[in-house]
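Hi,

Here is the structure I promised to pass on. Have a look at it first, and my notes follow below.

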Amino acid sequence: RAAIMKLTKPGPTWRKPVSQSRRKSRKAHFQSDSSARRIIMSAPLSSELREKYDVRSLPVRKEDEVEVTRGVHKGKTGKILTCYRKKFVVHIDRITRDKCNGAPVPVGIHPSKVRIVKIKMHK
């Protein structure tokens with residue numbers, strides 16, 4: 001079987017060929033380095049922020065305030081405690097579940113399932 005490759009010429013330089021293969025796409029996704037995972041872990045902005053900054057989405061960051069848009073925790077808001085790039089999830093404060101011994105554990109939520117409500121601008 002021959003793999004379908006896209007080779008386009010946007011300007012003076014040639015773009016890297018991109019495979020259409022599901023297997024190769026999944027391999028590239030799960031073997032991506034930390035800097036690539038940062039871009040993958042982007043979340044859409046709220047409508048007010050979208051109008052203000054004229055941007056649709058941004059990579060999530062610790063201390064950003066987000067609202068969960070999908071799943072059991074839909075509608076809950078909180079600050080991001082950690083961006084767990086290895087697992088492609090973020091941990092949000094006040095969104096936890098209890099272990100069998102009663103200890104609370106943060107629930108991992110994919111950044112595409114949250115909406116950024118307030119951006120942390122500077123360190």
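Going along the sequence, the order of elements is β-β-α-α-β-α-β-β-β-β-β-β. That makes three helices and nine strands in the chain. Bear in mind that this is a predicted model. The average pLDDT over the chain is 90, and 89% of the residues score at least 70. Confidence is lowest in strand S1 (residues 5–6), with a mean of 52, and highest in S5, at 98.

A few overall numbers before the details. The chain has 123 residues, and 24% of them count as buried. About 9,500 Å² is exposed, with carbon and sulfur atoms supplying 52% of that area. If you take the contacts between residues at least 6 apart in sequence, 40% of them join residues at least 24 apart.

Now the inside. Which residues touch the most other members of the largest nonpolar core? They are Val 60, Ile 92, Ile 109, Val 114 and Ile 116, out of 17 residues in that core. S5, strand S7 (89–98), strand S8 (104–109) and S9 each give at least two residues to this core, and S7 has the largest share, with three. As background, nonpolar side chains in soluble globular proteins tend to be buried together.

Ile 116 is a good one to click on. Beyond its neighbours within four places in sequence, Ile 116 is in contact with a list of residues including Ala 43, Pro 44, Leu 45, Leu 49, Leu 58, Val 60 and Val 66. The list also has polar or charged names in it, among them Ser 46, Asp 64 and Glu 65.

Next door in sequence is Arg 115, which sits in strand S9. Leaving out residues up to four places away, Arg 115 touches Pro 44, Leu 45, Ser 46, Glu 65, Val 66, Glu 67 and Thr 69. The C-alpha atoms of Arg 115 and Ala 43 are 6.0 Å apart, although their positions lie 72 residues apart along the chain. Arg 115 counts as partly exposed because its relative accessibility is 31%, between the 20% and 50% limits.

That brings me to the salt bridges. How many are there? The count is three.

- Arg 115 and Glu 67 meet through their side chains, at 3.2 Å from N to O. This pair links distant parts of the chain, with Arg 115 in strand S9 (residues 114–118) and Glu 67 in strand S5, 48 residues apart. Glu 67 is partly exposed, at a relative accessible area of 23%.
- Lys 79 pairs with Glu 63, and their closest N and O atoms are 4.0 Å apart. Here too distant parts of the chain are linked: Lys 79 belongs to strand S6 (residues 77–84), while Glu 63 is in the loop between strand S4 (57–59) and strand S5 (65–68), 16 residues away. Lys 79 is partly exposed at 38% relative accessibility, and Glu 63 is partly exposed at 35%.
- Arg 94 bridges to Asp 93, with the closest N and O atoms 3.6 Å apart. Arg 94 counts as exposed, since its relative accessibility of 63% is over the 50% cut-off.

Two backbone spots are worth a look as well. Most residues other than glycine have a negative phi. Which way do Asp 54 and Glu 63 go, positive or negative? Asp 54 is not a glycine, yet its phi is positive, at about 55°. Glu 63 is not a glycine either, and its phi is positive too, at about 80°. Asp 54 lies in the loop between H3 and S4 and is exposed, at 70% relative accessibility. Glu 63 is the residue from the salt bridge with Lys 79, in the loop between S4 and S5.

Last, the surface. Tyr 53, Val 55 and Met 121 make a nonpolar patch of about 240 Å². Val 55 is in the loop between helix H3 (47–53) and S4, which is also the loop that holds Asp 54. With a relative accessibility of 32%, Val 55 counts as partly exposed.

If you want a place to start, try Arg 115 and follow its salt bridge to Glu 67.

Cheers

Conventions:
Residues are numbered from 1 along each chain as its sequence is written. Side-chain values use heavy atoms; hydrogens and water are left out. Helices (H or I, at least four residues) and strands (E, at least two) are DSSP runs, numbered from the N terminus. Buried means under 20% relative accessible area, exposed over 50%, partly exposed in between (1.4 Å probe, protein chains only). Patches are made of residues with over 30% relative accessible area and no salt bridge: like charges are joined within 9 Å, nonpolar side chains (Val, Leu, Ile, Met, Phe, Trp, Tyr) within 5 Å. Accessible areas come from the Shrake-Rupley method with a 1.4 Å probe; for residues, only the protein chains shown count as cover. A nonpolar core is a set of buried Ala, Val, Leu, Ile, Met, Phe, Trp, Tyr and Cys residues joined through side-chain atoms within 4.5 Å. Contact means heavy atoms within 4.5 Å. pLDDT is the predictor's confidence in each residue, from 0 to 100.
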